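User: Please teach me how to read this structure, one feature at a time. I would like the general idea each time, and then the case at hand.

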Amino acid sequence: HLQRCWAHLLREKDNLSENDTEALALYEKLQDLHNGLNAFLDTNPTLMQRITVQQQAQELIDSLIAEGAESEKALDLLQTLQGGLGHWFTFVTYPKVKSTNNQAERILRDSVIRRKTMTLRAQKGVNAYETFQSLIRTWKQQGKNPYTELQRLARKIGEYHTSAQDAWD
């Protein structure tokens with residue numbers, strides 16, 4: 001379940017000028033919304049309550065986007081919100097999902113550091129390394145055996161290439 005990161009979204013407030021009252025007000029609304037949602041979740045609501053609150057939160061975001069903005073930073077924020085539509089409130093209905101992706105970042109931190117210290121000359125190599133590391137970490141987090149999953153993936157790719165080749169022949 002995809003969850004856009006509220007920590008990344010809200011930390012941009014620190015980069016604002018105090019003169020940009022429009023963007024500051026927008027960030028305050030979002031901070032209040034995020035805090036309110038977390039307080040709501042602390043009450044151990046039912047699934048139906050979660051769904052209702054999620055819909056209300058989405059309606060609020062939709063109305064903020066529809067209102068628009070004038071300042072560049074406020075417009076950037078609205079564009080970020082719009083780009084993540086459907087993924088800002090996953091944490092409301094799925095109790096195991098957090099509103100931030102800090103856990104995922106911590107899980108991948110070692111791999112990122114390792115990649116940065118490696119000498120991969122081509123971007124293709126960097127992309128391949130990052131993809132494999134992400135797959136392996138995800139499988140481990142899901143309690144799956146990465147070796148078995150990698151074999152399964154390789155077989156699937158082999159089958160795809162075979163069927164694609166047969167289609168050309």
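**Reading the helices and their surroundings**

Analyst: Let's start with one helix: on H4, the face turned away from the buried side carries the exposed residues Glu72, Gln79 and Gly83. Buried stands for under 20% relative accessible area, exposed for over 50%, and partly exposed for what lies in between, using a 1.4 Å probe and protein chains only. Please keep in mind that this is a predicted model, in which local features need pLDDT of at least 70 and side-chain atom pairs count only at pLDDT 80 or more, while totals for chains, interfaces and linings use all residues. Residues are numbered from 1 along each chain as its sequence is written, and side-chain values use heavy atoms, with hydrogens and water left out.

User: Which residues of H4 are buried, and where do they sit around the axis?

Analyst: The buried residues are Ala74, Leu77, Leu78 and Leu81. They lie on the same side of H4, because they cover an arc of only 95° around the axis. That arc is taken from the directions from the helix axis to the C-beta atoms. As for partners, the buried residues of H4 pack against H1, H2 and H3.

User: How is the span of H4 judged?

Analyst: The expected span of a helix is 1.5 Å times one less than its number of residues. H4 has 12 residues and reaches 16 Å from first to last C-alpha, close to the 16 Å expected.

User: What does Gly83 show us?

Analyst: Gly83 belongs to helix H4 and is exposed, at 59% relative accessibility. Sequence distance and spatial distance are worth reading side by side. Gly83 and Arg4 are 79 residues apart in sequence, with their C-alpha atoms 9.8 Å apart in space.

User: How many helices and strands does the protein chain have?

Analyst: Helices (H or I, at least four residues) and strands (E, at least two) are DSSP runs, numbered from the N terminus. The protein chain has eight helices and zero strands.

User: Where is confidence lowest, and where is it highest?

Analyst: Here we read pLDDT, the predictor's confidence in each residue on a scale from 0 to 100. The chain averages 84, and 83% of the residues score at least 70. Confidence is lowest in helix H6 (residues 102-117), with a mean of 62, and highest in H3, at 96.

User: Then H3 is a good next stop. Which of its residues are buried?

Analyst: Arg50, Val53, Ala57, Gln58, Ile61, Leu64 and Ile65 are the buried residues of H3. They share one side of H3, because their arc around the axis is only 140°. They pack against helix H2 (21-41), helix H4 (72-83) and helix H5 (90-93). The face turned away from them carries the exposed residues Met48, Glu59, Ala66 and Glu67. H3 itself, residues 47-67, has 21 residues and reaches 30 Å, close to the 30 Å expected.

User: Which phi value does Gly68 take, just after H3?

Analyst: The sign of phi is the thing to look at. Gly68 takes a positive phi of about 75°. Asn44 also has a positive phi, near 60°, and this is a residue other than glycine. Asn44 sits in the loop between H2 and H3 and is exposed, with a relative accessible area of 65%.

User: Is Gln3 buried or exposed, and which backbone atoms lie by its side chain?

Analyst: Gln3 is buried, at a relative accessible area of 10%, and it lies in the segment before helix H1 (6-11). For its partners we use polar contacts: pairs of N or O atoms within 3.5 Å where, within protein, one must be able to donate a hydrogen and the other to accept it, and residues adjacent in sequence count only if both atoms are side-chain atoms. A polar atom of the Gln3 side chain lies 3.0 Å from the backbone oxygen of Trp88. The backbone nitrogen of Thr90 is 3.1 Å from a polar atom of that side chain. More broadly, a contact means heavy atoms within 4.5 Å. Beyond neighbours within four places in sequence, Gln3 contacts residues including His87, Phe89, Phe91 and Val97.

User: What does Glu149 touch?

Analyst: Not counting residues up to four places away in sequence, Glu149 touches Trp139 and Lys144. Glu149 is in helix H8 (residues 146-168) and counts as buried, at 12% relative accessibility.
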